[in-house]
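Please load the model in your viewer and keep a selection prompt ready. The tour goes stop by stop.

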Amino acid sequence: AMLNFEAISHVMQITENMLAAGVLPENCAQSSLSVLFKTLDAIRMNTTSASCEVGNNEAMGFPGMTQVMRNIEKAVQTVMRLASSQRTSGESLVVASAPNSLEPKNVRVFKQTVLKGSLATIRTSSLQLPQGMLQWQLDEQSMMSHLGVSAQQDPSDYTIVFGALDAAPRIQGRQPLSPLVSLSLSRGGQDVLVQGLSTPINVTIPFSTAALCGSEREQFTGLGRCMYWSPSTGQYQDDGCDTINQVPGCKDNCSVTCMCTHLTSFVVVPFEGCPSNSSGPEGSTDLNECQCDPGKAGSSGQCTRCPAGKYSSSDNSSDNSVCSACPAHSSSEAESDAVGDCK
């Protein structure tokens, strides 16, 4: 069934009013997260159904979903921060969408952990999820430089909240393979903006192909691609993030390491491969590394076949490859990849 946008907007207004209080007891935090969780899970189910059943890769689920997603992400992070003030370092919180369900596949889980202390003491942590181990690690020297503090001045009142919401929705045709992973830093109850780090934060995220439609699963390249939810564009983007696939070609019990220079909400989506007539290094998910195949030429991923009488060699690794003409009084077949093909 299609979602009722007015009902979801009403839920979001109630949540905003609750968060405006600035203090959130543990039981209220759990209730708020449960409502937000179920809302996000409804969006996930709706957008997946819309794309799989009608074959619309641009399915958005309902008008205004992008704004709702912005509000949900902000609300989840705020609830996580407020709730963390009530817990000790290392303590976890688990919220299930249907804790009494007899169908495990219908249960969606939100899980988070909190670390408190100096940057040197909160630089790494992990969470065990149903899909596998979720881990993160930051370089404290890079973070200290970013925040303008020294090792001698490293304050001990930082809080890192690390959580995973097992209901990441399809956005603009991109179906996440992983939970929606949120990583935030605060100090003294105030959020700390982290972006443009000199050394990226490493987040290892488990994923599976269970959320993909049949045809999507068949076309899956075995490579995940790290992206993040951008409230400003309403899309998943990958700028500032690099991807390392732990096992290229993996189809089950997989994981990737996202190396990102900012903190936000991350997901893993399928890497669709290089554009036609091009390829990249094995295991790479960086489209900038895609180069024209031998016998083809072009730039910016737009590669075309070399016509008869021209060739493009296999060592032509520039971003702007060309089809070179055969020497005088010789010719070659189409898609030739070496001057030796000119006869």
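The stops below run from the whole chain to a cavity, then to salt bridges and backbone angles.

**Whole chain**

Start with everything selected, and keep in mind that this is a predicted model. Colour by secondary structure: the chain has five helices and 20 strands. Of its 343 residues, 47% are buried. Among contacts with a separation of 6 or more, 63% join residues 24 or more positions apart. Switch on the surface next; its accessible area is about 16400 Å², and carbon and sulfur atoms account for 48% of that.

**The largest cavity**

How many cavities of 30 Å³ or more does a search of the whole structure find? There are three, and the largest has a volume of about 70 Å³. To see its lining, select Ile72, Glu73, Val76, Gln77, Met80, Phe110, Gly163, Leu165, Leu180, Ser182 and Ser265.

Now show the elements behind that selection. Helix H3 (65-84), strand S5 (158-165) and strand S6 (180-187) each contribute at least two lining residues. H3 contributes the most, with five. Coloured by residue class, the lining comprises six nonpolar residues, four polar ones and one charged one.

**Salt bridges**

Hide the cavity and move to the charged side chains. Side chains of opposite charge can pair when their charged atoms come close. The whole structure holds six salt bridges, and three of the pairs make up the next stops.

*Glu140 and Arg123.* Select both side chains; they form a salt bridge with an N to O distance of 3.9 Å. Glu140 belongs to helix H4 (residues 140-147), while Arg123 sits in the loop between strand S2 (109-117) and strand S3 (124-129), so the bridge ties together parts that are 17 residues apart in sequence. Arg123 counts as partly exposed because its relative accessibility is 30%, which lies between the cut-offs of 20% and 50%.

*Asp238 and Arg225.* In this salt bridge the closest N and O atoms are 2.7 Å apart. Asp238 is in the loop between strand S10 (235-237) and strand S11 (241-245), and Arg225 is in strand S9 (residues 224-230); the pair links distant parts of the chain, 13 residues apart. Is each partner buried or partly exposed? Asp238, at 26% relative accessibility, is partly exposed, whereas Arg225, at 11%, is buried.

*Glu335 and Arg305.* Select this pair to find a salt bridge of 3.0 Å, N to O. Glu335 lies in the segment after strand S20 (324-325) and Arg305 in strand S17 (residues 302-305), with their positions 30 residues apart in a link across distant parts of the chain. Glu335 is partly exposed at 30% relative accessibility, and Arg305 is exposed at 52%. Add Lys296 to the selection: Lys296, Arg305 and Glu335 are linked in a network of salt bridges.

**Positive phi angles**

Stay on Glu335 and look at its backbone. Its phi is near 65°, a positive value in a residue other than glycine. Then go to His329, which is also in the segment after S20. Which phi value does His329 have? Here phi is near 65°, again positive in a residue other than glycine. His329 has a relative accessibility of 87% and therefore counts as exposed, the cut-off for that class being over 50%.

How values were computed:
Residues are numbered from 1 along each chain as its sequence is written. This is a predicted model: local features need pLDDT of at least 70, side-chain atom pairs count only at pLDDT 80 or more; totals for chains, interfaces and linings use all residues. Side-chain values use heavy atoms; hydrogens and water are left out. Helices (H or I, at least four residues) and strands (E, at least two) are DSSP runs, numbered from the N terminus. Buried means under 20% relative accessible area, exposed over 50%, partly exposed in between (1.4 Å probe, protein chains only). Contact means heavy atoms within 4.5 Å. Accessible areas come from the Shrake-Rupley method with a 1.4 Å probe; for residues, only the protein chains shown count as cover. On a 1 Å grid over the protein atoms alone, a cavity is a set of points where a 1.4 Å probe fits but cannot get out, and a pocket is an open set with protein on both sides within 12 Å along at least five of seven lines; lining residues have an atom within 4 Å of a point. Grid points are joined across faces, edges and corners, and a volume is the space filled by probe spheres set on the points. Ala, Val, Leu, Ile, Met, Phe, Trp, Tyr, Cys and Pro count as nonpolar, Asp, Glu, Lys and Arg as charged, and the others, Gly among them, as polar. A salt bridge is a side-chain nitrogen of Lys or Arg within 4 Å of a carboxyl oxygen of Asp or Glu.
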